[in-house]
Amino acid sequence: MSTLLLANGRVVDPSRGIDATGAVLVEDDHIVAAGPDVHNQGAPEGAEIIDCKGRIIAPGLVDGRVFIGEPGYEYRETIRSASEAAAAGGVTSLVMMPDTSPVMDEPSLVEYVLRTARATSLVRIHPAAAITRGLRGQEMTEFGLLREAGAVAFTDGRNTLESPVVMRRAMTYARDFDAVIASETQDEALAAGGVMNEGKLATLMGLPGVPREAELISLQRDLALAGLTGARYHAAKISCMMSADAVRRAKDNGHKVTAGVSINHLSLNENDVQGYRTFYRLSPPLRDELDRHAMANAIADGTIDVVVSSHDPQDVDTKRLPFAEAAPGAIGLETLLAALLRRVHDGTLNLMRAIEVVTSAPAALFGLPYGTLKPGSKADIAIIDLDAPWEVSDKDLRSHSRNSCFENARMSGRVIRTIVSGRTVFELND
Amino acid sequence: MVARPHSFSMRHLLGIRSLSEQDIEFLLDRAEKAVEVSRRPDKKTSSLRGRTQINLFFEASTRTQASFELAGKRLGADVMNMSVASSSVKKGETLIDTAMTLNAMRPDILVIRHGSSGAAELLAQKVDCAVVNAGDGQHEHPTQALLDALTIRRHKGRLQGLTVAICGDVLHSRVARSNIFLLGKMGARIRLVGPSTLMPAGIDEFGVEVFHRMEDGLAGADVVMMLRLQRERMSGAFVPSEREYFRYFGLDAEKLAFAKDDAIVMHPGPMNRGVEIASLMADAPQSVIEEQVEMGVAVRMAVLELLAGPSHNEEGSS
């Protein structure tokens, strides 16, 4: 038996509402105790002791939306490289999108990913399976068998389901399995090939815009169907104030809906697109500063439940192009926490809520027993320096792809050590 | 030759938005001189002798390409045309790779037209020579706005205080955007006239007045600038039909009568006669459409000379 004591830190565990000076005691792969009561108890004989003075001891992060290229696009990202990026960002569990080639629409593919993850990954990989075969938006996949194989949710990844009747049936059927249907919400017909937020800036730049209503219309349809079917529905990536308002109303009506936002939409706005920088081509597009602010407020008031990296590796073949021809998406596993801490430093979010939306909240949403320091749970832990200054450097990123929105960004706060099942998978070398 | 003022420091011409009022005046003055040269029997000068100009056209454009070619040749440059049909872009090579390849051939000027907004800017970041934007997506077409301004100035003697009505498909038009930027900087009053389906979002924040009836938009105008409307946008997608569009937004004598008596009629070409402009209007005395073509060569000569000419390298004037 090996024993590890993380001593003298600030223990922040939103799953139990703890924010206090304390310690975490780990035996083998699980947590024995965590919190102020462990403080000054001394270390058990033979324990490895890590002094966490001035550091935060938090549950390892659970990232609810990550695109990986394996199988099919390994040159963009493998499960191994994604896991290295995750570990460096304090992410110990991630929900992997089904946009692989072939698409994760078969139990055997879910098993393949889990097998590959067991063999190569530093962190926990939780596959989300497709709602429809081939992500084509037509025939439902085998929700029951896919869940048995290990799928934690259903989503058509980057695609929004076009057909309301397919969405209705998927939700109705998913309810019988208590499965979560997660979806991006952009009405492609109304988006009409737009590549950035519609408005003055898009007109100045001569780029076709996506109106906020393209998101709202699709979102409201899904929220209405969630009400109709009683399914657990997750609006995976909302981007604007009117969407947050719609989710808030659906929650007030008692629907079982949740919402997520990507760290990019919490950190950036449409002005970052100026200069036609394709790394800022995202879907949904970056909106204006009012919307960005509304996202932060919606997290604070509980309308938005989770923050995700929406890590989406793209290579030069899809990014080294004129803006409108480039693929949307940005990597973000390594910068998720640091970018989120900006909202703590600027006072929009308190630390407990910021940690909650990337630990216990996504864990609860996807039914995962992680994102907590509760005794008995797996020892998935992130040790964080809340104020450490650093600059994101393209060459230090572990992802196979380079499409970061935070290249050369100055950050305050970073992960010092990441632990999965009691084993250190990342340690910052200074 | 006129000395370059300190204010003109542009390495490329990517758009009007980044030019100052002084830059524009200076370019137009230089273009006036090029008009004189172009009207001489011997049109050839030597200011770009030994320089290489590559016209890189990803969108077919006979007129603009010919205009740039002639401008370069009149200045003595060696001009090479590359159009997409014969280039490796169709074989999957990206814009940037094409640019790097051409850059290695050490041209002095790259003139680019591309269907994507921002393509000229992207190219300018990757190559060592001067880049001239000959139209990028729905973003800018700076030499068109300059030639329009030159044409207007020659007829009206000024730009400031004039009322210019820009009519038609503003939404998809890079010509409209460049003209709005230029005329705005030069103190003209800009009106946009067209159906709301062809007006871009946020356009009312551009210091323009928007009209949806030609009669209102043209009332008292000094200049009527028509925009081209692509045929595929007229069959129900943005407007219901050609005949309905012509009825409400096509320029005919009746609608032009609302403008000032001495108003001039402009069109960037190529025209859809009978759609956005009545055939008679295009050939009427008020029409300056052919003169625009002449000014196009002059403006492009001025631009090319300024970006790649001898004064650029501080080698003295010719």
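Me: In what order do the five strands of the open sheet in chain A stand, and is the pairing parallel or antiparallel?

Reply: To read a sheet, one lists its strands in the order of their neighbours and then notes their directions. In this predicted model, the open sheet of chain A has the order S9-S10-S13-S14-S15, and its pairing is parallel.

Me: Which strands stand at the edges of this sheet, and why is one side of each left without a neighbour?

Reply: Strand S9 (154–155) and strand S15 (306–308) of chain A stand at the edges; each has a single partner strand, so one side of each lacks a neighbour in the sheet.

Me: How many bridges join S13 to S14 in chain A?

Reply: Strand S13 (residues 232–235) and strand S14 (residues 257–262) of chain A run parallel and are joined by three bridges. Within this pair, His234(A) stands opposite Thr258(A) of S14(A).

Me: Which helices lie across S10 and S13 of chain A?

Reply: Here one reads the strands that a helix crosses, and then the angle. Helix H4 (residues 164–176) of chain A lies across S10 (180–183) and S13, running at about 150° to S10(A). Helix H7 (residues 212–229) of chain A lies across S10, S13 and S14, and its angle to S13(A) is about 165°.

Me: Which strands of chain A form a hairpin, and how many residues lie between them?

Reply: The hairpin consists of S17(A) and S18(A), with two residues between them. In the turn, Ser421(A) has a positive phi of about 50°. Strand S17 (residues 410–420) and strand S18 (residues 423–427) of chain A run antiparallel, with four bridges joining them. Arg417(A) stands opposite Glu427(A) in S18(A).

Me: How many residues of chain B are in contact with chain A?

Reply: An interface may be read through its contacts, its buried area and its residue pairs. On the side of chain B, 23 residues are in contact with 15 residues of chain A. The two chains bury about 1600 Å² between them, 58% of it on carbon and sulfur atoms. In chain B, Ser117(B), Ala201(B) and Phe206(B) lose the most area to chain A, together 27% of what that side buries.

Me: Which side chains meet in a salt bridge between the chains?

Reply: The count between chain B and chain A is one salt bridge. The side chains of Arg320(A) and Asp97(B) meet in it, at 3.1 Å from N to O. Across the interface, six residue pairs are in polar contact.

Me: Which element gives the largest share of the side of chain B that touches chain A?

Reply: That share, four residues, comes from H3(B). By class, the touching side of chain B has nine nonpolar, nine polar and five charged residues.

Methods: Residues are numbered from 1 along each chain as its sequence is written. Chains are lettered from A and ligands numbered from 1 in the order in which they are written. This is a predicted model: local features need pLDDT of at least 70, side-chain atom pairs count only at pLDDT 80 or more; totals for chains, interfaces and linings use all residues. Side-chain values use heavy atoms; hydrogens and water are left out. Two strands pair if DSSP finds at least two bridges between them. Contact means heavy atoms within 4.5 Å. Axes are lines fitted to C-alpha atoms, for helices over the stretch in contact, and angles run from 0 to 180 degrees between N-to-C directions. Buried area is the accessible area (1.4 Å probe) that two parts lose on being put together, summed over both. A salt bridge is a side-chain nitrogen of Lys or Arg within 4 Å of a carboxyl oxygen of Asp or Glu. A polar contact is a pair of N or O atoms within 3.5 Å; within protein, one must be able to donate a hydrogen and the other to accept it, and residues adjacent in sequence count only if both atoms are side-chain atoms. Ala, Val, Leu, Ile, Met, Phe, Trp, Tyr, Cys and Pro count as nonpolar, Asp, Glu, Lys and Arg as charged, and the others, Gly among them, as polar.
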